[in-house]
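This report describes the fold of one protein chain, its central sheet and its charged side-chain pairs. The sequence and the model are shown below for reference.

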Amino acid sequence: MRVLVRDILSLSSASGKELVLVQCDPNAIIKQIWSEYDVLVRETGASIEVSDLPKISADPTLLEQLLGNLISNGLKYKREDVPAKITVSATQTDMLGVVITITDNGIGIEGDNPDRVFEPFKRLHDRNTFPGTGIGLAICRTVCDRHEWLIRVAKTGNTGTTFEVNIPQGSNVK
């Protein structure tokens with residue numbers, strides 16, 4: 001119950017907190033997030049590969065929530081007996097802006113409508129198989145909506161999932 005309340009408060013905070021936009025270094029944020037999982041990483045042999053990501057204008061707290069949820073899902077929804085591997089990269093174009101791609105080698109997302117995972121409490125697995133509240137990806141969607149970014153499930157299958165976060169040039173903020 002305590003975890004559920006914490007996650008609901010995180011979703012509420014992502015929805016309502018005043019945005020403070022600054023130049024953020026996603027590389028530094030990811031490094032800090034990864035260090036928080038140090039024990040799990042050492043125990044499971046998980047790895048992360050991060051390309052040199054460009055700095056972006058964002059609310060640092062919300063950007064940390066977004067990246068933290070996507071990385072933790074890559075660690076949580078791993079295939080049995082296969083160490084989690086997460087890859088984070090970015091492409092930058094004049095037309096699209098920055099597209100950050102987060103890929104894992106986990107179990108993937110089943111079904112014809114993978115975007116339903118962004119709805120609060122939409123769990124695809126029972127709590128005994130994979131713990132959690134079903135709020136993490138809803139937080140990701142909320143963070144992106146607040147920044148007027150687009151998040152989508154770009155690819156899924158039984159060998160992993162790829163999320164893309166499109167950060168348009170000069171995007172406005174709500």
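## Overall composition

The protein chain contains 5 helices and 7 strands. Read from the N terminus, these elements follow the order α-β-α-α-β-β-α-β-β-α-β-β. The model is a predicted one, and its confidence is treated in the next section.

Of the 174 residues in the protein chain, 41% count as buried. The accessible surface of the chain amounts to about 9,500 Å², and carbon and sulfur atoms contribute 51% of that area. Among contacts in the chain with a separation of 6 or more, 70% are made by residues 24 or more positions apart.

## Confidence of the prediction

The mean pLDDT of the protein chain is 83, with 77% of the residues at 70 or more. Between elements the value varies: helix H1, residues 2-16, has the lowest mean pLDDT at 57, whereas E2 has the highest at 96. Where pLDDT is low, the predicted coordinates should not be read in detail.

## The five-stranded sheet

Five strands form an open sheet in the order E2-E4-E5-E7-E6, and the pairing is mixed. Strand E2 (47-50) and strand E6 (150-157) are the edge strands, each of them pairing on one side only. From one strand to the next, the twist averages 15°.

The sheet can be followed from one edge to the other. E2 runs parallel to strand E4 (residues 85-93), and 4 bridges join the two. Within this pair, Ile 48 has Ile 86 of E4 as its bridge partner. E4 is in turn joined to strand E5 (residues 97-104) by 8 bridges, here in the antiparallel sense. These two strands, E4 and E5, form a hairpin with 3 residues between them. Two positions illustrate the register of the hairpin: Gln 92 stands opposite Val 98 in E5, and Val 88 has Ile 102 of E5 as its bridge partner.

## From E5 to the far edge

Strand E5 is mostly covered, since 7 of its 8 residues are buried. E5 also pairs with E7, and these strands run antiparallel with 7 bridges between them. In this pairing, Thr 101 stands opposite Glu 164 in E7.

E7 (residues 160-167) then pairs with the edge strand E6, again in the antiparallel sense and over 7 bridges. Here the bridge partner of Leu 150 is Asn 166 in E7.

## Salt bridges

How many salt bridges does a search of the whole structure find? The search finds 2.

One of them joins the side chains of Glu 164 and Arg 152, with an N to O distance of 3.0 Å. This pair links distant parts of the chain, as Glu 164 lies in strand E7 and Arg 152 in strand E6, 12 residues apart. Glu 164 has a relative accessibility of 23% and therefore counts as partly exposed. Arg 152, at 37% relative accessibility, likewise counts as partly exposed. Glu 164 thus takes part in this salt bridge and also stands opposite Thr 101 of the neighbouring pairing between E5 and E7.

The other salt bridge is formed by the side chains of Arg 42 and Asp 38, at 2.8 Å from N to O. Both residues belong to helix H3 (residues 38-44); because they are 4 residues apart in that helix, about one helical turn separates them. Arg 42 counts as exposed because its relative accessibility is 60%, above the 50% cut-off. Asp 38 is partly exposed, with a relative accessible area of 36%.

## Summary

The chain combines 5 helices with 7 strands, and an open sheet of 5 strands with mixed pairing lies within this set. E2 and E6 are the edges of that sheet, while E5 has 7 of its 8 residues buried. Of the salt bridges, one lies in helix H3, between Arg 42 and Asp 38, and the other connects strands E7 and E6 through Glu 164 and Arg 152.

Methods. Residues are numbered from 1 along each chain as its sequence is written. This is a predicted model: local features need pLDDT of at least 70, side-chain atom pairs count only at pLDDT 80 or more; totals for chains, interfaces and linings use all residues. Side-chain values use heavy atoms; hydrogens and water are left out. Two strands pair if DSSP finds at least two bridges between them. Axes are lines fitted to C-alpha atoms, for helices over the stretch in contact, and angles run from 0 to 180 degrees between N-to-C directions. Buried means under 20% relative accessible area, exposed over 50%, partly exposed in between (1.4 Å probe, protein chains only). Contact means heavy atoms within 4.5 Å. Accessible areas come from the Shrake-Rupley method with a 1.4 Å probe; for residues, only the protein chains shown count as cover. pLDDT is the predictor's confidence in each residue, from 0 to 100. A salt bridge is a side-chain nitrogen of Lys or Arg within 4 Å of a carboxyl oxygen of Asp or Glu.
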